[in-house]
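Q: Please take a close look at one part of this model and then set it among the packing around it. Give the cut-offs as you go, since I will want to compare them with my own.

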Amino acid sequence: MEFWKLLIENVSEFLVEYGYIGVFFASFLAATILPFSSEIVLTGVIGAGASYWPCMISATIGNFLGGMSCYWLGMLGKTEWIEKYLKMKPDKLEKIQEWLKGKGAWTAFFVFLPGVGDFIAVALGYLRANIWVVAITMFLGKAIRYWVVIEALFKFFKLQEYLA
C-alpha cells in the first residue's frame, strides 16, 4: 500500500509541474480504473495560478477520453481482458449490465460517479449502447462535474487570498 501511495504522490507532483497537460493526463488516468485522483493535480495547478478555461477544457476532455476508453474496452467484449486489465469482477459487471438494460445509453451521464462510473462505461460498451448518445451524455456529465469542482477550487483560492 505504501508503494501505491508514494507512486501516486510522485506522479501527482510530476503532473502538477506540467500544468494543463498534467491536468489532461491526470483526468484521463482518473477516468480509467487506476486509483488516481485528478482533483489533486487540478488543485495544484489552480493553486499555482492556472487559468479557469484551460483547466476546464483539459480536465473535461482528458476525463471524457478516459471514460470512452473504458467504453471501448467493454465494446471489445472480452470478459477475460476486462477482469485482467480493469480488475472488474464478472459478477459486478453482470449486475451493472442487468441494471442498465432497461435504462439506455443516456446513463453514461453518470460515468463521473466514483466507484461505479467505470463499471457503467464498460457495461455500456459491452452492451453496445449507441456510441453517440454515450459520448454526448458522458461528456456532459464530466463537464458538469469539472465545472462544479473548478468553481469550488477557484472560490477556495480566492477565499485564501482574502483571508491572507
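What follows is a request about one lysine and a single connected answer. Which helix is Lys142 found in, and how far away is the nearest side chain of opposite charge?

A: This is a predicted model, in which local features need pLDDT of at least 70 and side-chain atom pairs count only at pLDDT 80 or more, while totals for chains, interfaces and linings use all residues. Residues are numbered from 1 along each chain as its sequence is written, and side-chain values use heavy atoms, with hydrogens and water left out.

Lys142 is found in helix α8, residues 131–163, where helices (H or I, at least four residues) are DSSP runs numbered from the N terminus. Lys142 is buried yet has no salt bridge, and the nearest side chain of opposite charge, Asp118, is 6.4 Å away. Here buried means under 20% relative accessible area, exposed over 50%, and partly exposed in between, with a 1.4 Å probe and protein chains only. A salt bridge would require a side-chain nitrogen of Lys or Arg within 4 Å of a carboxyl oxygen of Asp or Glu; for charge, Lys and Arg count as positive and Asp and Glu as negative, whereas His and the chain ends are not counted. Leaving aside neighbours within four places in sequence, Lys142 is in contact (heavy atoms within 4.5 Å) with Ala31, Thr60, Asn63, Phe64, Gly67, Val111 and Phe112.

Ala31 also appears among the contacts of Gly66, which, with the same exclusion of neighbours within four places, are Phe28, Ala31 and Thr32. Gly66 has its place in helix α4 and is buried, with a relative accessible area of 0%. Gly66 and Ser27 are 39 residues apart in sequence, and their C-alpha atoms are 7.5 Å apart in space.

Helix α8 also takes part in the largest nonpolar core, since two or more residues of that core come from each of α4 (52–76), α6 (90–100), α7 (117–126) and α8. A nonpolar core is a set of buried Ala, Val, Leu, Ile, Met, Phe, Trp, Tyr and Cys residues joined through side-chain atoms within 4.5 Å. This core has 22 residues, and those with the most contacts inside it are Met68, Leu124, Val134 and Met138. Met68 touches Ile131, Val134, Ala135 and Met138, not counting residues up to four places away in sequence. Leu124 is touched by Thr107, which also touches Trp99, Leu100 and Ile120 when residues up to four places away are not counted. Thr107 is found in the loop between α6 and α7 and, at 1% relative accessibility, counts as buried.

The aromatic residues complete the picture, with 7 aromatic pairs in the structure; rings of Phe, Tyr and Trp (its six-membered ring) pair if their centres lie within 6.5 Å, with planes under 30 degrees apart counted as stacked, over 60 as edge-to-face and the rest as tilted. The rings of Tyr52 and Phe154 have centres 5.3 Å apart and planes at 50 degrees, so this pair is tilted. The pair links distant parts of the chain, Tyr52 in helix α4 and Phe154 in helix α8, 102 residues apart. Phe112, a contact of Lys142, forms one aromatic cluster with Trp106, Phe109 and Phe110.
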